[in-house]
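Reader: Hi! Could you walk me through the side-chain contacts in this one?
Author: Happy to, let me put it up for both of us.

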Amino acid sequence: MKTVLENLYSGPLDKLTPPGVGEPSGQNSILRAIDLLEPGQLEAQLTRFSTKYAQSDLRAVASVWSKWHFSPLISSTLAANLLLEHELPVSLDEVRIEVGPEGQTRRLWITDTGQPLDSQNAFTRFSKLIDRHLVPLITALADYSGASPKVFWSNAGNLFEYFTESLQTHPLANPCSVEPARELLASRYLQDGRRNPLFRPVNYVTTKTGEGCERRRRLCCIRYLIPELEYCSNCPLVRKSRPSKAQV
C-alpha cells in the first residue's frame with residue numbers, strides 16, 4: 001500500500017522519487033544528513049562527486065551537488081506542505097540520505113509522514129526547511145567550497161519557485177494551494193526581520209518577439225566553471241561562447 005506521500009507523486013511530480021519513510025534498506029548507502037556538517041564527511045561526498053568530471057572547480061562541484069540534494073528535499077517538503085498541509089521532518093538531524101554511486105543525493109529518508117501544520121502563516125510553515133536544513137547546510141557548503149552562500153540560496157530558490165509553480169497544476173491543488181509559497185518568495189524579509197534568502201530567485205523576461213516570457217534565474221549557479229558543463233537553460237548570463245545545456 002502506498003504511503004500518503006507516495007500518493008502525491010502524480011501530475012508534475014510523477015517522474016520524481018518520493019522520500020522513503022521509516023528505516024531505510026540496509027543494502028543502500030545511507031548517510032545521516034547532519035553528518036554533512038562535518039568537514040570530513042562533506043569533503044568525502046564532494047570529492048566522490050567531482051570524480052565524474054575530468055577537471056573540476058570545487059565551487060562549481062559544490063553548487064551542482066547542492067542541486068541534486070535540494071531537488072528531492074524541496075519538492076517533497078512543498079508537496080506535503082501545500083497539498084496536504086503537513087510539515088515533514090526535514091531538519092538535518094531528522095533526515096537520512098540515500099547516496100548515489102557518484103556521491104549525489106539520490107533519495108531522502110524521513111522518520112514519518114509529518115504532522116499537520118501548526119500555523120497557516122506563510123513564513124512559519126517553511127521555517128523548519130529554511131532554518132534547520134538549508135541554513136546550516138548552505139553555511140557548511142559555502143565555508144568548505146569557497147563559493148558564495150548566495151549561489152546555494154539561488155539554487156534552492158530556483159527549485160522552490162519551480163516546484164511552487166509546478167504544484168499549481170497538481171490534481172490535488174486548489175486555486176489557493178501555492179499562495180503561501182508565493183508569498184514567501186515575494187517577501188524581501190522574513191518575519192523576524194532577517195533578509196529572506198529565497199526572495200525573488202527568478203525573473204520572467206519578455207521574449208524578443210514579445211509573445212511570451214522566458215524564465216531566468218537572478219543568479220548564476222556557476223556550473224559553467226566545470227569545462228564539461230554548459231550554462232543552464234535559465235542562466236541569467238549572456239551565453240556567448242557555448243550553447244546551453246539544461247538541468248543539473
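Author: Here we go through aromatic pairs, a charge over a ring and some salt bridges. One thing up front: this is a predicted model.

Reader: Good to know. How many aromatic pairs are there?
Author: The count comes to four aromatic pairs. One of them joins Phe49 and Tyr53, with ring centres 6.1 Å apart.

Reader: Is that Phe49 and Tyr53 pair stacked or edge-to-face, and why?
Author: Edge-to-face, because the two ring planes stand at 80° and anything over 60 degrees goes in that class.

Reader: Nice. Is Phe49 buried or exposed? And what about Tyr53?
Author: Phe49 is buried, at a relative accessible area of 0%. Tyr53 is buried as well, at 10%.

Reader: Got another pair for me?
Author: Sure: Tyr162 and Phe163. Their ring centres are 5.2 Å apart and the planes meet at 70°, so this pair is edge-to-face.

Reader: And how accessible are Tyr162 and Phe163?
Author: Tyr162 is partly exposed, with 42% relative accessible area, whereas Phe163 is buried at 5%.

Reader: Switching topic: which residue lies over the face of Trp109?
Author: That's Arg107, placed 4.9 Å from the ring centre of Trp109.

Reader: Okay, salt bridges. How many are there?
Author: Twelve salt bridges in the count. Among them is Arg106 with Glu98, where the closest N and O atoms are 3.4 Å apart.

Reader: Where do Arg106 and Glu98 stand, buried or exposed?
Author: Arg106 is partly exposed at 44% relative accessibility, while Glu98 is buried at 8%.

Reader: Which salt bridge links distant parts of the chain?
Author: Glu161 with Arg215 is one that does, at 2.8 Å from N to O. Glu161 belongs to helix α4 (residues 149–167) and Arg215 to strand β8 (residues 213–217), with their positions 54 residues apart in numbering.

Reader: Is Glu161 buried or exposed, and why is it classed that way?
Author: Buried, because its relative accessible area is 8% and the class takes anything under 20%.

Reader: Last one: which residues form a network through shared salt-bridge partners?
Author: Asp192 and Arg194 meet in a salt bridge at 2.7 Å, N to O. Bridges with shared partners then join Asp131, Asp192 and Arg194 into one network.

Reader: And how accessible are Asp192 and Arg194?
Author: Asp192 is exposed, at 51% relative accessible area, and Arg194 is partly exposed at 38%.

Reader: Great, thanks!

Terms used. Residues numbered from 1 in each chain as written. Heavy atoms only, no water. Phe/Tyr/Trp six-rings, centres within 6.5 Å; stacked < 30°, edge-to-face > 60°. Buried < 20%, exposed > 50% of the residue type's maximum accessible area, 1.4 Å probe, protein only. Lys NZ or Arg CZ within 6 Å of the ring centre and 35° of its normal. Salt bridge = Lys/Arg side-chain N within 4 Å of Asp/Glu carboxyl O. Helix = DSSP H or I, 4+ residues; strand = E, 2+ residues; numbered from the N terminus.
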